[in-house]
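Trainee: I'd like a close look at one part of this protein, the sheet, along with whatever packs around it. Could you walk me through it slowly?

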Amino acid sequence: MAVVALLALDGIPGPQLTTPGMLLGAVPHSCDRAPYELRVCAGPGFRTTAGPGPFGLTTRWGLDGLDGAATVIVAGHHGFRDPHPAAVLDALRAAADRGCRIGAVGTGTFTLAATGLLDGHRATTDWRCVGELAADHPRVVVAPAEEAVADGPFLTSAGVLGGKDLWLRLIEEDHGERVRREADRRLFLRLPDGPPGAAGGDGALGPTIRWMEAGSHRPLTLTEIAAHAGTGVRTLSRRFRAETGLSPLQYLLRVRVERAQQLLERGDLPVDHIAARTGFGTPANLRHQFQRLNGTTPGVYRAAFRSMVTMFTEDTPRTRGPG
């Protein structure tokens, strides 16, 4: 397996613990390369900041877990302004000397920068700390906190949604764009891990699934989908469920809802425009299907997402428990 070590220092935001496992675990087992082994490696005094206050976790690995890892990622943490433990910096430098790919999520970039490894390289961090990173580490070429920034063996990101963009970039580097898209889609659509070609791969229905996704804004029918696949409706439904775990129209509905979510997250388009762009036709249909799958309305989802982004990039704990 490809070993990925997540270095968790004291005060890591909870989503930065859960997002890596969810995304790496969503890489289909049908990939040509071996699946990932994720090691959560606890640094000195490790606790998280998830929930109303810090809580402790016991991990199998300490800094020794970085040994043998092909990739080491430093998670964000609330003590990024404090002096960095020498043992942590030494472990990161040793990983670089071994030729590891090394990255950081959110304020974890401050720890990685403290090693000197990022000098002369582009890097980013939590959007609220970009200026501070540039001031503290003038030899680092600090980029705006947008998507993941790759420069040589180093990969950094702002930390939004637990660093999702960094983990997807890592998957794409290892397995290609198709697998990255499939892992992201599999996580959202809750697809089972099936045979090669399932859910948009290169199986018998792969071309038809990709055609459906590209044309999901159009009012596709079962007859049209079956015609594209060169089969009858009943055969299509049977094969589609075998490859994806869903019927063709169930899959199409989830793709449309996913596209609606992306538009709600990334801008201020009115719901009627989003309904037209995603194939729902009317705002009422979008609201009905969106609530049926997500348990909330598009407007509430948009507001909650924006609040969640702020919470998920928060690296300073609101309270501290006993050591």
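Mentor: Let's start with some ground rules and then work outward from the sheet.

This is a predicted model, where local features need pLDDT of at least 70, side-chain atom pairs count only at pLDDT 80 or more, and totals for chains, interfaces and linings use all residues. Residues are numbered from 1 along each chain as its sequence is written, and side-chain values use heavy atoms, with hydrogens and water left out.

Overall, the protein has 13 helices and eight strands. Those are DSSP runs numbered from the N terminus, with helices being H or I of at least four residues and strands being E of at least two.

Now the sheet. Six strands make an open sheet with mixed pairing, in the order E2-E1-E3-E4-E8-E7. Two strands pair if DSSP finds at least two bridges between them. At the edges sit strand E2 (36–42) and strand E7 (149–151), each pairing on one side only. On average, neighbouring strands here are turned by 20° against each other, direction ignored. For angles, axes are lines fitted to C-alpha atoms (for helices, over the stretch in contact), and values run from 0 to 180 degrees between N-to-C directions.

Zoom in on the E7 edge. E7 runs antiparallel to strand E8 (residues 154–157), and three bridges join them. One bridge partner pair is Asp151 with Phe154 in E8. In general, strands of a sheet pair through backbone hydrogen bonds, either parallel or antiparallel.

What lies across the sheet strands? Helix H5 (residues 164–175) lies across E1, E2, E3, E4, E7 and E8, running at about 150° to E8.

Next, the packing. A nonpolar core is a set of buried Ala, Val, Leu, Ile, Met, Phe, Trp, Tyr and Cys residues joined through side-chain atoms within 4.5 Å. Buried means under 20% relative accessible area, exposed over 50%, and partly exposed in between (1.4 Å probe, protein chains only). The largest core has 27 residues, and Leu66, Val72, Leu92 and Leu118 have the most contacts inside it. Strands E1, E3 and E4 each supply at least two of its residues, as do helix H2 (86–97) and helix H3 (108–114). H2 gives the largest share, four residues.

Leu118 ties back to our edge pair: among the residues that Leu118 touches is Phe154, along with Leu112 and Val140. Contact here means heavy atoms within 4.5 Å. Finally, a second, separate core of 24 residues includes Val4, Leu23, Tyr36 and Ala148.

Note on methods. Lists of a residue's contacts leave out its neighbours within four places in sequence.
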